[in-house]
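I opened this entry to keep track of what I looked up in one structure. The notes follow the order in which I went through it.

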Amino acid sequence: ELLSSRLNIVVKDLLIAANLPEVLGKQIQQDACQIGKTIASVCSSSDYLTVKLEVFGNNSCSRWHMDNFVCRAIVSYTGEIGTEYTNDENVDFHELQHCGCNEHIIKDMKLVKHANLGDMLFIKGKKFSKDVSGLVHKSPEKRYYTTNGNIVNRLVLKVDVEFSGDLTSSSSSSSSSSSSSSNSSSDDVVENNNDDDDEEEEQQN
């Protein structure tokens, strides 16, 4: 109950800053709370979640990579498709780990899959377990409107467990972030800091 309450608070803060249509805001809040409770049950040893609401357009990076943390849940609300991913058998890991170009990392592009808009995709990262490899995935290729040539922006919800032993913080691409422990009391101090990272991570992996 404490986690649900805290999630509601941080997600409401994000939505106020984002100023989205009411119907979309309610859907995002519902999704974030559902995802947060699911991740908390899967990663029960973690103390914090990071919740992000971001818009990607020209700043998106479409390089294949694995996330350098425990796990992520991601939902795309706008654009044409969601995150692309593939099985390990379809990946040349030497190319992946040595900065090979995208065309050389994937053995057969016909085997690449993608989430649809509104799908909840749960991604295991490099730190999920020593016995499990992270999911190889990437952002969709940039797409442009045929009418005016403008880029199609993607509105994305991300709920991350960045460290093992790491469950809630929140951030949006246009606001500061707040954090609190899911095991703490309601009197805990909320720490604010700027969080402006995410698509850069794809370039680092």
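The entries below go through strands, loops, a ring contact and a cavity.

**Entry 1: the model.** I am working with a predicted model, not an experimental one.

**Entry 2: strand 2.** I began with strand 2, residues 71-76. How many of its residues are buried? I found 6 of the 6 buried, so strand 2 is largely enclosed by the rest of the structure. I then sorted the side chains by direction. Cys71, Ala73 and Val75 point one way, while Arg72, Ile74 and Ser76 point the other way, and all are buried. This fits what I expect in general: in a regular strand, side chains alternate between the two faces of the sheet.

**Entry 3: partners of strand 2.** Which strands are joined to strand 2 by bridges? One is strand 5, residues 121-124, which is joined to strand 2 by 4 bridges and runs antiparallel to it. Another is strand 7, residues 154-161, also antiparallel, with 6 bridges to strand 2. For reference in the viewer I noted some residue pairs. Ala73 has Phe122 of strand 5 as its bridge partner, and Ile74 has Leu121 in strand 5. On the strand 7 side, Val75 stands opposite Leu157.

**Entry 4: strand 5.** I checked which face of strand 5 is covered. Leu121 and Ile123 make up the covered face, and Phe122 and Lys124 the uncovered one. Lys124, which lies in strand 5, has a relative accessibility of 40% and therefore counts as partly exposed; the cut-offs are under 20% for buried and over 50% for exposed. I also looked up its distance to Asn68. The two residues are 56 apart in sequence, and their C-alpha atoms are 9.6 Å apart in space.

**Entry 5: strand 7.** Why do I call strand 7 largely enclosed? I do so because 8 of the 8 residues of strand 7 are buried. Both faces are covered. Arg154, Val156, Lys158 and Asp160 are buried on one side, and Leu155, Leu157, Val159 and Val161 are buried on the other. I note that charged side chains are part of this list: Arg154, Lys158 and Asp160 are among the buried residues. Strand 1, residues 50-56, runs antiparallel to strand 7 and is joined to it by 7 bridges. One of the pairs I wrote down is Val51 with Val159.

**Entry 6: Asn153.** I next looked at the loop between strand 6 and strand 7, where Asn153 lies. Its relative accessibility is 39%, so Asn153 counts as partly exposed. Asn153 and Phe56 are 97 residues apart along the chain, yet 5.5 Å separates their C-alpha atoms.

**Entry 7: the open sheet.** I then turned to a sheet of 3 strands, which is open, has the order 4-3-6 and is paired antiparallel. Its edge strands are strand 4 (113-114) and strand 6 (136-138), each of which pairs on one side only. Strand 3, residues 84-86, is joined to strand 6 by 3 bridges. Within that pairing, Glu84 has Lys138 of strand 6 as its bridge partner.

**Entry 8: Lys138 and rings.** Which ring does Lys138 lie over? I found Lys138 over the face of Trp64, at 5.4 Å from the ring centre. I also searched for aromatic pairs, and the structure holds 0 of them.

**Entry 9: Asn19.** I looked up Asn19 for its backbone. It has a positive phi of about 55° although it is not a glycine. Asn19 is placed in the loop between helix 1 (2-18) and helix 2 (22-42). With a relative accessibility of 65%, Asn19 counts as exposed.

**Entry 10: a cavity.** Last, I looked at the second largest cavity, which holds about 90 Å³ of space. Of the 13 residues that line this cavity, Glu141, Lys142, Arg143, Val152 and Arg154 are the closest to its centre. What classes of residue make up the lining? I recorded 5 nonpolar, 3 polar and 5 charged residues in it. Arg154 therefore appears twice in my notes, as a residue lining the cavity and as one of the buried residues of strand 7.

Technical notes. Residues are numbered from 1 along each chain as its sequence is written. This is a predicted model: local features need pLDDT of at least 70, side-chain atom pairs count only at pLDDT 80 or more; totals for chains, interfaces and linings use all residues. Side-chain values use heavy atoms; hydrogens and water are left out. On a 1 Å grid over the protein atoms alone, a cavity is a set of points where a 1.4 Å probe fits but cannot get out, and a pocket is an open set with protein on both sides within 12 Å along at least five of seven lines; lining residues have an atom within 4 Å of a point. Grid points are joined across faces, edges and corners, and a volume is the space filled by probe spheres set on the points. Ala, Val, Leu, Ile, Met, Phe, Trp, Tyr, Cys and Pro count as nonpolar, Asp, Glu, Lys and Arg as charged, and the others, Gly among them, as polar. Two strands pair if DSSP finds at least two bridges between them. Helices (H or I, at least four residues) and strands (E, at least two) are DSSP runs, numbered from the N terminus. Rings of Phe, Tyr and Trp (its six-membered ring) pair if their centres lie within 6.5 Å; planes under 30 degrees apart count as stacked, over 60 as edge-to-face and the rest as tilted. A charge sits over a ring if NZ of Lys or CZ of Arg is within 6 Å of the ring centre and within 35 degrees of the ring normal. Buried means under 20% relative accessible area, exposed over 50%, partly exposed in between (1.4 Å probe, protein chains only).
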